[in-house]
Amino acid sequence: MRTRREAPETLLEALVLALRACDTAPDGMVRPAAILWTDPKRQWLPLKSILLQRLPELIVLGDYDPASRTGPAIWIRCVVERTLENPEIPEDRVPVVYLPGVARQDLRAGEDCPAALIPLVELMYQGTLWLQRSGHDWTVTAFLTSPQGLELDLARDQDTLEALARALREVAETPVARLRGRRLEAEDFDRLLSSDVVRDLLRWMSEPAKAKEQMGPQRWAAFCNQCRAQFGLDPGKDGEIAAGERLGRGEGPWADVWERFAEAPRAYPGIPDLLRRSKPQKLFLERSRWPNFNEKDEEAVRSALAGLQGLSHAEACQKLLELEQQHAERRGWVWSRLGLSPMAAVLEPLARLAGAARSALGGSTPGEIAKSYMEGPWEADAASWEAIALAPAADEALIKDAVRILLQPWLDESARAFQRAVGSHPLPGKGEQEPVAAKPGMCLLFADGLRYDVGRRLAGRLEERGCRVRVGWRWAALPTVTATAKPAVTPAADVLAGGQLPEDFTPSFFESGKPADTATLRAAVEAGGYHVLDSEHDKCPGSGDALGWGEAGALDRRGHDLGEELARHIEPEIERLVERIMKLFDAGWTSVRVVTDHGWLLVPGGLPKVDLPKHLTVSRWKRCAVVAGESQAGALSMPWHWNAAQRFATAPGIACFNASPSYAHGGLSLQECLIPDLLVERGGGITPRAAIRSVTWRRMRCFVEAESTGGTVIADLRLEQANGKSVVASAKPLDHDGTTSLVVNDDYEDSNLALVLVDQDGNVLAQRKTKVGASS
């Protein structure tokens with residue numbers, strides 16, 4: 001699976017990715033107006049010039065210099081609000097505002113805020129701050145060592161920290177792989193500042209004029225002498241074309257130069273073009289070293305994919321598998337990491353799709369078909385949207401056509417087999433599946449339209465974050481539309497029923513007869529003893545037996561809005577769900593159970609269409625309909641989940657009624673009916689345990705007594721809730737006797753606080769509400 005970003009090769013790349021990761025919008029929220037990056041000790045300032053090149057959305061607080069995207073606070077506000085023609089911030093990027101010399105506390109509103117920063121205060125509320133999970137500013141040391149950064153092993157002595165500061169620019173562009181596997185000390189960073197002829201050679205080959213100018217006459221002369229001695233090349237006389245040819249051949253000492261280039265090719269952006277210009281006319285060359293060969297192979301794949309149109313489904317599947325066998329190795333070439341092999345990349349999911357779609361799903365009952373699907377063919381569905389998501393804009397139509405050719409026949413055949421199985425072995429109706437309920441300390445998280453394959457991908461992401469995930473499944477309520485299927489996976493399902501089939505498929509409450517809409521469902525869930533959460537307030541009540549209900553995700557809404565373009569939004573939706581789940585853990589919930597209402601069909605170019613005259617129906621949806629009276633609609637007839645005596649019409653196969661949308665649900669296919677049910681828990685090895693025994697205040701100092709086992713436990717005071725920002729200068733580990741003390745400044749004297757005990761990864765182990773002066 002290759003739709004996710006490659007791991008960062010350098011500190012610089014990791015920093016860019018981390019800043020851009022702040023450009024997220026929780027469900028129902030708008031994107032931040034700006035990303036504020038506070039740096040009170042100006043530690044990151046040496047990287048300003050290279051970051052301005054890598055981050056076109058970066059603007060910097062400082063003296064007015066619009067050419068370098070730098071200026072005072074009022075100018076920054078104008079840039080963020082896009083009222084100035086220059087500098088031009090890319091439309092698809094949220095501005096990143098770098099604030100050297102400014103701490104997060106400096107931006108607080110009120111008379112204490114420095115006058116020069118007042119124009120930025122409002123951006124704290126319209127935007128977001130790039131901070132550690134603890135709420136502290138990101139220092140260089142923290143980013144290098146944190147699990148949320150590069151997780152390097154760094155000595156903390158003063159000599160090492162000073163050497164790191166001196167060499168920061170070199171560290172930023174050094175391959176991370178060269179920094180791993182040992183404890184980094186002062187001499188490691190000092191060595192980066194010493195002469196490195198291979199690095200200098202690659203920089204010169206990438207940008208000859210710029211590199212020569214930066215070296216200056218004396219260093220340039222020394223560099224040429226070193227190159228003559230070590231590589232048999234005089235940069236001044238032989239030129240970069242000769243160097244490019246020797247790099248591509250990789251013979252003798254040039255093998256080491258190629259290896260250094262391949263370690264971090266994005267650090268030398270001019271070398272691919274140099275190699276194109278340097279390629280000799282020899283017949284026998286190492287193909288992986290020359291971008292020209294890679295580009296020729298890319299065109300061959302495009303031609304082969306265009307030729308799928310004239311093949312049968314079986315022949316098209318076989319052709320994809322052959323192409324994958326021929327071109328898979330190119331994904332290991334350096335050109336793939338530079339984004340120059342998009343066809344080689346997209347062949348991987350296309351081949352998975354072809355391999356799974358060659359065979360029909362086995363089984364004669366819905367359960368047997370589901371078992372067959374979950375053993376591997378679900379990858380076909382995942383591969384279909386992953387291929388579209390990987391498609392470059394210029395090749396998007398070509399890739400979508402290939403996906404449709406491979407996917408649609410298999411989907412339709414599988415859906416018809418499933419419909420036959422359901423006809424003789426009906427899916428469970430009301431009360432025939434285990435009800436959805438939380439256990440103490442658990443939050444139920446409803447994710448709208450979480451199809452089974454997307455649920456499996458979500459489980460994989462959570463496991464990568466150290467969670468334990470149990471992947472279960474259940475059947476969606478029929479028809480597979482939100483109005484029917486969502487109430488069936490709420491804790492209120494047992495107080496609902498269906499009478500006459502309504503045109504919108506919504507069940508009603510037993511006692512009141514009211515329809516189960518968003519408001520009434522929420523009220524019923526709350527009446528059942530659940531704390532109903534929103535995306536901004538996920539905190540777990542202090543007791544360990546609390547039950548939670550939350551909602552997240554926008555897959556279904558995006559599918560209806562975007563059609564086949566949904567494919568490019570699935571990965572970001574998965575990442576948002578991961579962050580929401582981790583946020584629930586940070587807020588104190590011990591486990592999260594993810595449930596959903598229905599899946600969906602997605603076929604680029606549109607699903608097939610069947611006619612269902614409107615006058616025969618009370619309501620007609622994409623894949624289901626309420627038939628009028630005793631009309632004979634000529635469609636499949638299925639029982640309504642909430643009242644089996646009431647039946648609805650559903651389209652055959654993967655067809656839609658009277659339209660050909662790319663995205664649809666409401667019908668009877670495995671993709672719509674088989675839904676994931678995930679139980680997520682914090683993972684890890686030996687997890688520390690902790691309990692707060694007492695909290696005592698003396699003026700602004702909080703004295704903590706606790707019990708803990710299993711490892712280091714850290715105490716912190718946070719604003720309002722367990723995942724709020726820290727209000728202490730530094731969190732402290734518990735002493736051997738379980739005690740510690742924390743000091744809060746006067747700004748928080750009247751604030752509601754939460755004392756939290758966390759492990760070294762920041763996982764909340766215990767929490768208690770408190771306030772300055774209160775004791776418990």
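**View 1. Helix α18 packs across two strands of a six-stranded sheet in this predicted model.** Helix α18 covers residues 366-374 and lies across β7 and β21. Its direction makes an angle of about 150° with β7. The sheet is open, and its six strands follow the order β7-β21-β12-β6-β11-β10. Pairing within this sheet is mixed. Its edge strands are β7 (467-475) and β10 (531-532), and each of these pairs on one side only.

**View 2. Strands β12 and β21 of the six-stranded sheet.** Strand β12 spans residues 591-595, and strand β21 spans residues 674-682. The two pair in the antiparallel sense. Four bridges link them. One residue pair to locate here is Arg593 and its bridge partner in β21, Leu679.

**View 3. An open sheet of four strands.** The strand order is β25-β24-β27-β28, with antiparallel pairing. Strands β25 (732-733) and β28 (764-770) form the edges, each pairing on one side only. Strand β27 holds residues 753-758. Six bridges join β27 to β28, again in the antiparallel sense. Ala754 has Lys769 of β28 as its bridge partner.

**View 4. Surroundings of Glu379 in helix α19.** Helix α19 runs over residues 378-390. Glu379 has a relative accessible area of 21%, so this residue is classed as partly exposed; the buried class ends at 20%. Beyond residues up to four places away in sequence, Glu379 touches Arg352 and Arg457. The side chains of Glu379 and Arg457 are joined by a polar contact of 2.9 Å. Ala357 serves as a further reference point: Glu379 and Ala357 are 22 residues apart in sequence. Their C-alpha atoms are 9.5 Å apart in space.

**View 5. Thr70 and its contacts in strand β3.** Strand β3 consists of residues 70-71. Thr70 is buried, because its relative accessibility is 4% and the class requires under 20%. The Thr70 side chain makes two polar contacts to show here. One is with the side chain of Lys48, at 3.1 Å. The other reaches the backbone oxygen of Ser68, at 3.0 Å. Apart from neighbours within four places in sequence, Thr70 is in contact with Lys48, Val60, Leu61, Gly62, Asp63, Tyr64, Asp65 and Trp75. Lys48 thus appears both in this contact list and as a polar partner of the Thr70 side chain.

How values were computed:
Residues are numbered from 1 along each chain as its sequence is written. This is a predicted model: local features need pLDDT of at least 70, side-chain atom pairs count only at pLDDT 80 or more; totals for chains, interfaces and linings use all residues. Side-chain values use heavy atoms; hydrogens and water are left out. Two strands pair if DSSP finds at least two bridges between them. Buried means under 20% relative accessible area, exposed over 50%, partly exposed in between (1.4 Å probe, protein chains only). Contact means heavy atoms within 4.5 Å. A polar contact is a pair of N or O atoms within 3.5 Å; within protein, one must be able to donate a hydrogen and the other to accept it, and residues adjacent in sequence count only if both atoms are side-chain atoms. Axes are lines fitted to C-alpha atoms, for helices over the stretch in contact, and angles run from 0 to 180 degrees between N-to-C directions.
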